[in-house]
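Student: Could you take me closely through one part of this model, the polar residues on its strands and the nonpolar residues that are grouped elsewhere in the chain?

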Amino acid sequence: MTRLVTRAEDIVQYLRDDIPLTLETVSVKDLLAELASRTWVDCRLSGVAFEWSVQGDPALEADRERLLRSLESICRNSRE
């Protein structure tokens, strides 16, 4: 139920267009490590393998939390 409420809140904010971007330099390696730690249990229980590999330490300018939420959504959708 919490996930449903969170998604509904995200949709309302998106429709109102009041989600400010907080851009920062994000390490791709750290981002994927955090994504893996947030999703590995659910993925494993659903039979979805989560594997990643990064060469070097690439970075990008992004809103870290929004990007993580988007990637988590992709992981959730892969399980459904």
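Tutor: What follows takes the two strands in turn and then moves on to the nonpolar residues.

The model is a predicted one, and the values below are computed from its atoms. A convenient starting point is aspartate 63, which belongs to strand E2, spanning residues 59-63. Aspartate 63 has a relative accessible area of 9% and is therefore buried, the cut-off for that term being under 20%. Its side chain has a polar atom placed 3.2 Å from the backbone nitrogen of arginine 66. Once neighbours within four places in sequence are set aside, the contacts of aspartate 63 are with Pro20, Leu21, Thr22 and Leu23. Of these, leucine 21 is 42 residues away along the chain, yet its C-alpha atom and that of aspartate 63 are separated by 5.9 Å.

The other strand to consider is E1, made up of residues 23-27, in which serine 27 is found. Serine 27 has a relative accessibility of 13%, so it too counts as buried. Its side chain takes part in two polar pairings that can be followed in the model: a polar atom of the serine 27 side chain lies 3.2 Å from the backbone nitrogen of aspartate 30, and a polar contact of 2.9 Å links the side chain of serine 27 to the side chain of aspartate 57. Aspartate 57 appears again among the contacts that serine 27 makes beyond four places in sequence, together with Pro58 and Ala59.

Turning to the nonpolar residues, the largest nonpolar core consists of 10 residues, namely Val26, Val28, Leu31, Leu32, Leu35, Cys43, Val54, Ala62, Leu68 and Cys75. At least two residues of this core come from each of helix H2 (28-46) and helix H3 (64-79), and H2 gives the most, with 5 residues. Leucine 35, one of the core residues, is in contact with Phe50, Leu68, Leu71, Glu72 and Cys75 when neighbours within four places in sequence are left aside.

Apart from the core, there is a nonpolar patch on the surface, formed by Trp40, Val41 and Leu45, whose accessible area together is about 350 Å². Valine 41, a member of this patch, has its place in helix H2, the helix that also gives 5 residues to the core. Because its relative accessibility is 39%, valine 41 counts as partly exposed, a term that covers values between the limits of 20% and 50%.

Terms used:
Residues numbered from 1 in each chain as written. Predicted model: local features only at pLDDT ≥ 70, side-chain atom pairs only at ≥ 80, totals over all residues. Heavy atoms only, no water. Helix = DSSP H or I, 4+ residues; strand = E, 2+ residues; numbered from the N terminus. Buried < 20%, exposed > 50% of the residue type's maximum accessible area, 1.4 Å probe, protein only. Contact = heavy atoms within 4.5 Å. Polar contact = N/O pair within 3.5 Å; in protein donor to acceptor, adjacent residues only side chain to side chain. Core = buried A, V, L, I, M, F, W, Y, C linked by side-chain atoms within 4.5 Å. Patch = residues over 30% accessible without salt bridge, like charges linked within 9 Å, V, L, I, M, F, W, Y side chains within 5 Å. Areas by Shrake-Rupley, 256 points an atom, 1.4 Å probe, with all protein chains shown as cover. Salt bridge = Lys/Arg side-chain N within 4 Å of Asp/Glu carboxyl O.
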